[in-house]
Each structure stands twice: as structure tokens, then as C-alpha cells.
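Work through the exercises below with the structure in view. Each task is followed by a solution in steps.

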Amino acid sequence: VIKCKAAVAWEAGKPLSLEEVEVAPPKAHEVRIKIVATAVCHTDAYTLSGADPEGCFPVILGHEGAGIVESVGEGVTKVKPGDTVIPLYIPQCGECKFCKNPKTNLCQKIRITQGKGLMPDGTSRFTCKGKQIYHFMGTSTFSEYTVVADISVAKIDAAAPLDKVCLLGCGISTGYGAAVNTAKVEPGSTCAVFGLGGVGLAVIMGCKIAGASRIIGIDLNKDKYAKAKEFGATECISPQDFKKPIQEVLVEMTDGGVDYSFECIGNVGVMRAALEACHKGWGVSVIVGVAAAGQEISTRPFQLVTGRTWKGTAFGGWKSVDNVPKLVTDYMSKKIKVDEFVTHTLPFDKINEAFELMHAGK
């Protein structure tokens, strides 16, 4: 058993608490990882807020991390101690019908136990002050050591800077893949990206790499426009600057609507606007943001009858074990940006400050 520091969420709506936790050794087909760097994501904040129906407490959150394999359980063949890895919240077992289908990346092998905050055998590897602590998204990267299933690990280039590539564990991969895999943005097309946080910027990067000729960024926070333009946005607008709904503004700006739109916020009203901003006959709108539990999307069916497509994406459609190492390679060869997404680097004990910066849009 390893004793180490972890940021524990004891209950919903409260700041994280830095505690000494015990991390049990990995069982069969499990891997114990020394986490070197982790990022914070709105999904962590969503669960911490208490709005997540799958949220269990006390829990160690975090799902954008990178580290080094410390030890492996029986039967683990893909990685060995000392390997550099990124933990995966969407695993890839290679055996379930989802993994065997090229149309999806949603491996279901450990979905049920992962959703309950437990390892595949139905137990936890974390204890603190004599209490069992739940896992989160199969990763729990807000701990100096974590245990994950062996199908939830991608072995990456050992030369990669872990304080950067940890972001490929969720946000950047999700946004970039939404553009290149889910929407399949084409050269010369017009795109609209709603929400210019990390995921929105990654979508913009994907649209640009795919050859889009016009990329319109939409956000209420104008402080984000300069960064969006660095990533490839050709213009940025705020819905607050117009008297009419933003979808009508976009339809006028683009002679009938955009070819592709992306919702990167998790707001069902914005999801509708994103669909309705699409061009009749061929427009495709991709939902990337995660809305709160119980919320529903709506539009007039005529929007779809007249040729628009509404899609969703999880982790950008990437089959995780296969593609995360390739994304790291693409970053190392400067095909995709990663460094530019990092705004602040804080010590682990300032993790609550990181959440405050995220909520402030900084």
C-alpha cells in the first residue's frame, strides 16, 4: 500500500481537501500509476457541484492526467513499470461489440462499475481516514498515485512533457476529434464554434487543420477572442451584441448558415441555436458540451427534415488506446498545438485555486 497526497471531494459543493490517502496495490488486469501532472476540466466541476446523477462521494476526481507506471497487477501485458502513460476515461478493450465497430469509440467493458466509482471487481483502491473513497471516470488523477484498469491506459512517447500532454486525456482530444472525426470538416467550409474554452479552442484547431476557410467563434467573454484567433478563428462574436437570436445572425452572416457548428458549453439552448445556425440541406451540428442531468434538447423537426444533421461526440470519437499515443506523436512533431492551451501551472496544493480560475474563464 502506498501512502500519498490526494485531493478528496468529501461532499458535493465543498472545496477539495488535500489528504493523505492509502492506495492499494493493483489487482489482476490493473495498473498503478504515479501521476506527474493533471489538468482540471469542467466535468470535474460538474460532478463536484452535485449536479451529476452518477456522482458518488467521497471521491477523488480528475480525468486529464499523465504519469509513470509504478506497478502492474497479474495478467497485465500492455504496459510495465517505468512506462509513460495517459489514463483513459473511455477505455478500449478491443473485445466488446463497441470496440469491434469502427463507428464508435464507446467501449462498454467496464462502463457499469466505472459509473459507480469502482474498479471492475466492484471495489475501490482508495482509503482515507478509514473510509472507502470512490474512483472517478476510471482515472482519479487528483492523486499522486492512482489505480486504473489495464484497458484504461495509453502508453505514450517517454520524451513527451507530461505537464502538457495530460491535456490529451480529455479536452484537446475531444475538441480536435469533434472536428476531424465526428463532423469530418471539409476544406473550404464555414464553421461556427460556440464556447471558446479549452474544448472550443481545440475544435477551432481541428477545423483549421481540416482546411475550413471561415471559422466563427461565439462567446460572451470577449477576453477569449484573441486566443481564439491565434488558434484559427477568422472572427468572433458575442450574442449580447445583437437584438436577434444568434442563429439568425449567423444565417445572415454566412448566406444561409454554416456548414458545421459545434456546441462546446453544455447549454441546451445553445445546442438548439447551434443546430439552427446550420445551412439547410447539408449543415451538421455536433454537441460536444455535457448538459446537466435531466435536461432535454428541442428544435422544430422541420430543421432536420430540411437536411440538417444533429450529432454528438464523446472524447472526439478517438479509439483511445490506439489514438492517444498518435495524438502525442502529432504534438511532438508540431502537427497539433498543446502548449498553447496551458494558461496556468500551479502546485498540487493550489488545486482549488485552479477551479476558481476555470470558473472565472481564465
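Helices and strands here are DSSP runs, at least four residues for a helix and at least two for a strand. The model is a predicted one.

**Exercise 1.** Describe the span 198-326 by its annotation, its ends and its helix and strand content.

Solution. Step one: the UniProt record, an unreviewed entry, annotates residues 198-326 as "domain: Alcohol dehydrogenase-like C-terminal". Step two: the C-alpha atoms at the two ends of this span are 20 Å apart. Step three: helix makes up 37% of the span and strand 16%.

**Exercise 2.** Place strand β12 among its partners, and say whether β12 is mostly covered.

Solution. Step one: β12 comprises residues 214-218, and four of its five residues are buried, where buried means under 20% relative accessible area. Step two: β12 runs parallel to strand β11 (residues 190-194), joined by five bridges; T190 has R214 in β12 as its bridge partner. Step three: between β11 and β12 the chain passes through helix α6 (residues 198-209), in a right-handed β-α-β crossover. Step four: β12 also pairs in the parallel sense with strand β13 (residues 235-237), over three bridges, and I218 has I237 in β13 as its bridge partner. Step five: with helix α7 (residues 225-231), β12 and β13 form a right-handed β-α-β unit.

**Exercise 3.** Which strands are the edge strands of the open sheet of five strands?

Solution. Step one: the order is β9-β3-β5-β6-β10, with antiparallel pairing. Step two: β9 (145-149) and β10 (153-155) each pair on one side only, and are the edge strands. Step three: inside the sheet, β5 (residues 64-72) and β6 (residues 84-87) share two bridges, and I68 stands opposite T84 in β6.

How values were computed. Residues numbered from 1 in each chain as written. Predicted model: local features only at pLDDT ≥ 70, side-chain atom pairs only at ≥ 80, totals over all residues. Heavy atoms only, no water. UniProt positions renumbered as here; feature names shortened; annotations may be inferred. Buried < 20%, exposed > 50% of the residue type's maximum accessible area, 1.4 Å probe, protein only. Pairing = 2+ DSSP bridges. Right-handed = clockwise from strand over helix to strand, strands pointing away.
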